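Please look over the sequence and the model first, and then follow the paragraphs below, which move from one region to the next.

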Amino acid sequence: MTAAELIGRLKFAGEVRLSEPMSMHTSLGIGGPADAMVFPENVGQLVDIVKGAWSEGVPAFIIGNGTNLLVKDGGIDGLVINLAKLDWIIKENVEGGDIAIRSGAGTPLPKLANFCADEGLSGLEFAAGIPGTVGGAVYMNAGAYGYEIKDILYKTLLIKEDGKASELIAGETRKEYRHGGIPENAAVAEAWFRLVPGDPGAIKARASEFIKKRRASQPLAEKSAGSTFKNPPGEKAWKLIEGAGLKGLSVGGAAVSGKHANFLINASGATAKDFIALMEIVKQKVKDKTGFDLEPEVKIVGRDWNA
Ligand SMILES: Cc1cc2nc3c(=O)[nH]c(=O)nc-3n(C[C@H](O)[C@H](O)[C@H](O)COP(=O)(O)OP(=O)(O)OC[C@H]3O[C@@H](n4cnc5c(N)ncnc54)[C@H](O)[C@@H]3O)c2cc1C
């Protein structure tokens, strides 16, 4: 069964786009078409589509804001489930009387960080400048300036590939650097964060400070997926790449940023093939010069052109 046939059979009521260019949904602006992209508007629609895809053997891939994705030039097989419309924030009490913020997976992190600051809740300041969604941040265990999502995550509502919903308490899974421990093929539908009361002015000032640091060190006007490689233990990937003399190196339209060496950018009409070739050269040259094996932080997905 094709993705389009599945959508028809399920009578999916949300927005559907067929043959949708992934370049429109990734911060890199790279990627061929998804066979079909659906935009569930609530958890019920998400459950139906995940379960339908699983029972009919149609591949399904979840995306948030596409800010950590490199999609190959041949696009994505089957369904892409875009969670942008699961965008809500609710203040709740959790066990122990603490205040938690409950948020839909598609909520942009900067929006959530601003909401928390206005409410006088501290803990998400580090995320104010991370351009992903709550779901993507939980999946990736996003982090910056010494803080990570796992430090404040209380629990998640997961939809497993068979459509079954379950709550996962954050402490029950192993979370690592840029790996949130979410089971394979499960969708994060909602997340709860435990935050600490604080002065809104001071919280906003801290968030602004982090954003200022970002503006000074990152090429935010360029198309990128943030850091391309993970930092090896005890090292900084950007230092290794800069030290190997690779700033400005390019393949086709892809280039190593001159501002931040671990930001590989789509400087001008890059294809995924250009980007992957550049990543391989960077990896090899860093290995030759320093002995470190750089691992991608960006998630590479999809099918090759002509595949
Ligand atoms: C300019 C810039 C700066 C950045 N700075 C940082 C930074 O400081 N720290 C940092 O950690 N990252 C940073 N990033 C990378 C990126 O923003 C984060 O990894 C972010 O958490 C990804 O969220 P997303 O919604 O865009 O996820 P996507 O890119 O859409 O997806 C990333 C992965 O998460 C999975 N996923 C997404 N949503 C869900 C869901 N609801 N359920 C299950 N799986 C899901 C996808 O399948 C994919 O494997 C930066 C990126 C850019 C472009």
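**From a strand to the ligand shell**

Once neighbours within four places in sequence are set aside, Val251 is in contact with Asp274, Ala277, Leu278 and Ile281. In this predicted model, Val251 belongs to strand 16, which comprises residues 250–251. Leu264 lies 13 residues from Val251 along the chain, and the C-alpha atoms of these two residues are separated by 11 Å.

A second place to look is Gln218, which sits in the loop between helix 5 and strand 15 (223–224). Its relative accessible area is 12%, and because buried means under 20%, Gln218 counts as buried. With neighbours within four places in sequence again left aside, the residues in contact with Gln218 are Lys259, His260 and Phe263.

The loop that holds Gln218 follows on to helix 5 as the next topic. Helix 5 runs over residues 200–217, and at 1.5 Å a residue its 18 residues should span 26 Å; the C-alpha atoms at its ends are 26 Å apart, which agrees with that expectation. Within helix 5, the buried residues are Ile203, Ala207, Phe210 and Arg214. These residues cover an arc of only 55° around the axis, and therefore they lie on the same side of helix 5. Lys212, Arg215 and Ala216, by contrast, are exposed on the other side of helix 5. The cover over the buried residues of helix 5 includes helix 3 (109–118), strand 8 (121–122), strand 9 (143–144) and strand 10 (147–148).

Arg214, one of the buried residues of helix 5, also leads to the ligand, since a polar side-chain atom of Arg214 lies 2.9 Å from an oxygen atom of the ligand. The protein covers 94% of the 970 Å² of accessible area that the ligand has on its own. Two backbone contributions can be set beside that of Arg214: a backbone N or O atom of Ile62 lies 2.7 Å from an oxygen atom of the ligand, and a backbone N or O atom of Gly66 lies 2.9 Å from an oxygen atom of the ligand.

Which elements give two or more residues to the shell around the ligand? They are strand 3 (60–63), helix 4 (134–140), strand 9 and strand 13 (187–194), and helix 4 gives the most, with five residues. Strand 9 is also among the elements that cover the buried residues of helix 5. Of the 35 residues around the ligand, those that come nearest are Ile62, Thr67, Thr133, Gly143 and Val188.

How values were computed:
Residues are numbered from 1 along each chain as its sequence is written. This is a predicted model: local features need pLDDT of at least 70, side-chain atom pairs count only at pLDDT 80 or more; totals for chains, interfaces and linings use all residues. Side-chain values use heavy atoms; hydrogens and water are left out. Helices (H or I, at least four residues) and strands (E, at least two) are DSSP runs, numbered from the N terminus. The expected span of a helix is 1.5 Å times one less than its number of residues. Buried means under 20% relative accessible area, exposed over 50%, partly exposed in between (1.4 Å probe, protein chains only). The arc is that of the directions from the helix axis to the C-beta atoms. Contact means heavy atoms within 4.5 Å. A residue is near a molecule or strand if one of its heavy atoms lies within 4 Å of it. A polar contact is a pair of N or O atoms within 3.5 Å; within protein, one must be able to donate a hydrogen and the other to accept it, and residues adjacent in sequence count only if both atoms are side-chain atoms. Accessible areas come from the Shrake-Rupley method with a 1.4 Å probe; for residues, only the protein chains shown count as cover.
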